[in-house]
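Me: I have a structure to look at and some short questions about it. Can we go through them one by one?

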Amino acid sequence: MDTLSSLMTRLKLEFLPNALDSLCEQASKQDQNYREFLEAVLSSEWAGRHQKGLEGRLKQARLPWIKTIEQFDFSFQPSIDRKVVRELAGLGFVERAENVVLLGPPGVGKTHLAIALAVKAAEAGHRVLFMSLDKLMTTLKKAQLENRLERQMQLLTCPRLLVLDEIGYLPMEPDEASLFFRLVTRRYEKGSVILTSNKSFIDWGEVFGDQAIATAILDRLLHHSTTLNIKGDSYRLKEKKKAGVLRPQENNSEH
Ligand code: ADP
Ligand code: MG
């Protein structure tokens with residue numbers, strides 16, 4: 001191995017070896033000075049590492065699909081304040097361990113926005129984890145049965161951002177509500193949670209099967225939080241209507 005290759009290996013430069021030839025070519029074509037060349041070399045290694053890190057974090061995040069804020073059509077959903085979403089996309093809420101609650105009927109883009117914010121957080125280097133409520137409950141109950149609840153709670157407390165999707169679709173049993181409460185308490189003021197729900201807060205007593213526990217959960221969740229209350233038509237139905245599957249009069253929210 002020549003000296004340069006061996007130095008790159010010893011310095012653990014993973015991406016530079018493959019990029020070096022073209023970087024040198026570019027340097028001579030563009031007549032770069034030493035500084036410019038060094039900058040190009042270091043940027044290339046950095047870009048490779050950043051991309052690899054992001055891919056790893058996205059894999060760990062277990063997002064069901066990838067969506068971005070740029071792909072969200074705000075004109076279709078005028079009840080959403082773009083400024084608020086832009087502010088959230090700045091990720092101050094993750095740094096301050098605050099929560100985000102996305103409320104609204106099915107199809108209005110709650111999961112889309114939750115995923116888009118999770119992608120932003122992963123891009124910024126934060127550890128992220130996405131779970132449907134159903135999956136969360138199965139995971140916690142299994143851990144409890146197998147006497148490793150504490151370890152599982154720890155795993156769910158580690159990520160800087162935890163997305164819990166679809167609260168309220170299935171009512172919870174008392175033991176489930178109490179596991180959920182313990183998780184929210186563990187993460188309180190330590191790490192952010194993004195929650196999505198089709199039920200407004202008034203109905204959370206019913207969702208958790210107990211008004212007192214619902215109040216205690218909401219108290220912690222909402223103490224430092226942003227709530228987006230999305231009122232509008234389902235984007236899924238819009239696409240169906242466009243495709244001619246539904247006629248406009250079949251949906252009374254048509255305007
Ligand atoms: P919800 O979680 O509120 O039920 P989703 O986020 O799953 O809704 O949205 C349903 C589908 O419609 C997804 O494929 C999502 O990407 C898309 N979608 C919803 N709202 C919008 C929007 N305003 N702009 C672009 N795509 C949207
Ligand atoms: Mg959803």
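Me: What caps the N-terminal end of α11?
Reply: Asp 210 does, with a side-chain oxygen 2.8 Å from the backbone nitrogen of Ala 212. A polar contact is a pair of N or O atoms within 3.5 Å; within protein, one must be able to donate a hydrogen and the other to accept it, and residues adjacent in sequence count only if both atoms are side-chain atoms.

Me: Where do these numbers come from?
Reply: The model is predicted, so local features need pLDDT of at least 70 and side-chain atom pairs count only at pLDDT 80 or more, while totals for chains, interfaces and linings use all residues. Residues are numbered from 1 along each chain as its sequence is written, chains are lettered from A and ligands numbered from 1 in the order in which they are written, and side-chain values use heavy atoms, without hydrogens and water.

Me: Which residues of α11 are buried?
Reply: Ile 213, Ala 214, Ile 217, Leu 218 and Leu 221. Buried means under 20% relative accessible area, exposed over 50%, and partly exposed in between (1.4 Å probe, protein chains only).

Me: Why do they line one face of the helix?
Reply: Seen down the axis of α11, the buried residues fall within an arc of 130 degrees, so they line one face. The arc is that of the directions from the helix axis to the C-beta atoms.

Me: And which exposed residues are on the face turned away?
Reply: Ala 212 and Asp 219.

Me: Now the sheet. What is the strand order?
Reply: The order is β2-β3-β4-β1-β5, in an open sheet of five strands with parallel pairing. β2 (128-132) and β5 (225-229) are at the edges with a single partner strand each, so one side of each has no neighbour in the sheet. Helices (H or I, at least four residues) and strands (E, at least two) are DSSP runs, numbered from the N terminus, and two strands pair if DSSP finds at least two bridges between them.

Me: How many bridges join β3 and β4?
Reply: Five, between residues 161-167 of β3 and residues 192-197 of β4. Leu 164 stands opposite Leu 195 in β4.

Me: Different topic. What is the phi of Lys 12?
Reply: About 55 degrees, positive although Lys 12 is not a glycine. Most residues other than glycine have a negative phi. Lys 12 lies in the loop between α1 (3-10) and α2 (16-29).

Me: Is Lys 12 buried or exposed?
Reply: Exposed, at 64% relative accessibility.
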